[in-house]
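Biologist: I'd like a close look at just one part of this model, please. Pick one chain and walk me through it slowly, as I'm new to this.

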Amino acid sequence: MSFLHVQGIHHTYFSKASATTALSDISLTVEEGEFVSILGPSGCGKTTLLSIISSLIKPSEGTVLLENKPISTSKNEIGYMLQQDYLFPWKTIEENILLGLKLSKQINDKTKSNALGLLKQIGLTGVEKQLPKQLSGGMRQRVALVRTLATEPKLLMLDEPFSSLDYQTKLKLEDLVSQILAEFGKTAILVTHDIGEAIAMSDRVFLFSSHPGRLHKTFHMPAELRRLTPFETRNHELFPSIFQMIWKELESLEQGNE
Amino acid sequence: MSKEMNKVDLLHKNYLQSLKVEKRWVRLYQAIIFLLFFSSWEVSSQKQWIDPLIFSSPTKIWNLFLNKLQDGSLITNLSVTLTETVLGFILGTLLGTILAAILWWSPMISKILDPYLVILNAMPKVALGPILIVALSPGYPSIIAMGAIISIIITTIVVYTSFKEVDPNYLKVLQTFGATRFQCFKEAIMPASFPTIISTLKVNVGLSWVGVIVGEFLVSSKGLGYMIIYGFQVFNFTLVFLSLLVIAVFATIMYQLVELLEKKLIKE
């Protein structure tokens, strides 16, 4: 049995005017320690799926099992990182990264020093007492990563976490995140619309089609790329051909829609 | 290098100096307006350009001020009005914020109460004065209620709107950590709305003065509002102006205190 088991997910949003099916018959599995990406055009229900997996939304149909058990947010099994950092502007960096521990009442000397150590490890020292607005965008997103990791989640959700950063910062953060996740052996699901990013970071890429969101195709990244850092992958000779392959699939999806 | 540093330092000093000069000019003009206003008032009253019986004059007001200070009646009336205003202000803001929190807590209650809030907000609250006085007996309770009721509904509406406008992604962050609704309120909704709450405080300072003074008009037994209505009835407009100036000074002081609180609460 897989680490994460998503089975037969359907989800429909209702409004007065219409009923919109966001996801249709999604089934997938993720192994422990694996890094997978969900790639797709806008409107393919990527964020909805993440919200369902992290049990923020109850799906219309289907089940999500983590280690054969239903997921509950109160046990801090899931870490969720959003498009923007969403650090609380009135809290210091230290208060921000300890937030998850505080909410679940797990805060003690050990977890606290763990979280602060993580901050150091990610290359931020001496910022504990500063406010988020004193940091740059890249630094803030790193703080957000520390906040997510501080509660030691089993599964990490990354919802386009690099999309609001400038290109250089984005490449650097990709390497950093991938290195940190590998070190801790974390399982992660990345949602992105950036083909390059999906190839560079993942072991597997799930390509979604839109309206309604469906799992269209799964790409397995070759073993030699999976060993490399995201930055090295982007420069590998295999990279352009995989990029082309996924690009063509995406194109065919769009034509199918038109 | 050091030469360049000196140059920057010098420019910075010049900049600071220019700021200081500008501030001095502003203060000077403010003082001129103040003096001009009171001296022209005094002169035109003495020369009978304006009716001294109606418009009084600064010296008469000053003498009456010293007089009332000595016989203690000003302090008594002032402390009555101040107590009522401060209590009405705190009560109005507190109850309004609590009501807003209840509306946020339960969308159902908020939907049910929506038309009633609109009606209560549109209604002129001072018109409730006579009913309050009869219901709560003339005196402190009814006047404090006037000071509070005038600001409760508008506080509720403004603060509730700001609660609803907090970026839902902050709540999402908290929910992924398994936060309860109370924790969401305490960690995100409340602190994110502090700036709005403070600005309603500023509005409420003015509103509760209105409520209390009108209340004292109606009850007419003590307080600055009573001094105004009494001066009006015996045609002693010096007394009316004295009360007005005292109100102006203390309303300003209250406003400044709220600004001080703002600086303390919002660390930015």
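Modeller: Let's go through chain B, from its helices to the place where it meets its partner.

First, some ground rules. Residues are numbered from 1 along each chain as its sequence is written, while chains get letters from A and ligands get numbers from 1, in the order in which they are written. This is a predicted model, with local features needing pLDDT of at least 70 and side-chain atom pairs counting only at pLDDT 80 or more, while totals for chains, interfaces and linings use all residues.

Now for the chain itself. Chain B has 11 helices and 0 strands; these are DSSP runs numbered from the N terminus, with helices being H or I of at least four residues and strands being E of at least two. Read from the N terminus, the elements go α-α-α-α-α-α-α-α-α-α-α.

UniProt, in an unreviewed entry, annotates residues 25-43, 86-105, 117-137, 143-163 and 235-258 of chain B as "transmembrane region". Those positions use the numbering used here, feature names are shortened, and annotations may be inferred rather than shown by experiment. Take residues 25-43 of chain B: that stretch is 100% helix and 0% strand, and its end C-alpha atoms sit 26 Å apart. Residues 117-137 of chain B are 67% helix and 0% strand, with the end C-alpha atoms 26 Å apart too.

What about overall shape? The C-alpha trace of chain B spans about 75 × 75 × 30 Å along its principal axes. Its radius of gyration is 25 Å, whereas a compact globule of 268 residues would have one near 18 Å; the radius is taken over C-alpha atoms, and the globule rule is 2.2 Å times the number of residues to the power 0.38. Of the 268 residues in chain B, 32% are buried, meaning that 20 or more other C-beta atoms, placed from the backbone, lie within 10 Å of the residue's own.

Finally, the partner. The contact between the chains takes 13 residues from chain B and 16 residues from chain A; two residues are in contact if their C-beta atoms, placed from the backbone, lie within 7 Å. On the chain B side, α8 (168-176) and α9 (181-219) each supply at least two residues. It's α8(B) that gives the most, with 7 residues. By class, that side of chain B has 7 nonpolar, 5 polar and 1 charged residues. Here Ala, Val, Leu, Ile, Met, Phe, Trp, Tyr, Cys and Pro count as nonpolar, Asp, Glu, Lys and Arg as charged, and the others, Gly among them, as polar.

Note on methods
Buried ≥ 20, exposed ≤ 12 C-beta atoms within 10 Å, placed from the backbone.
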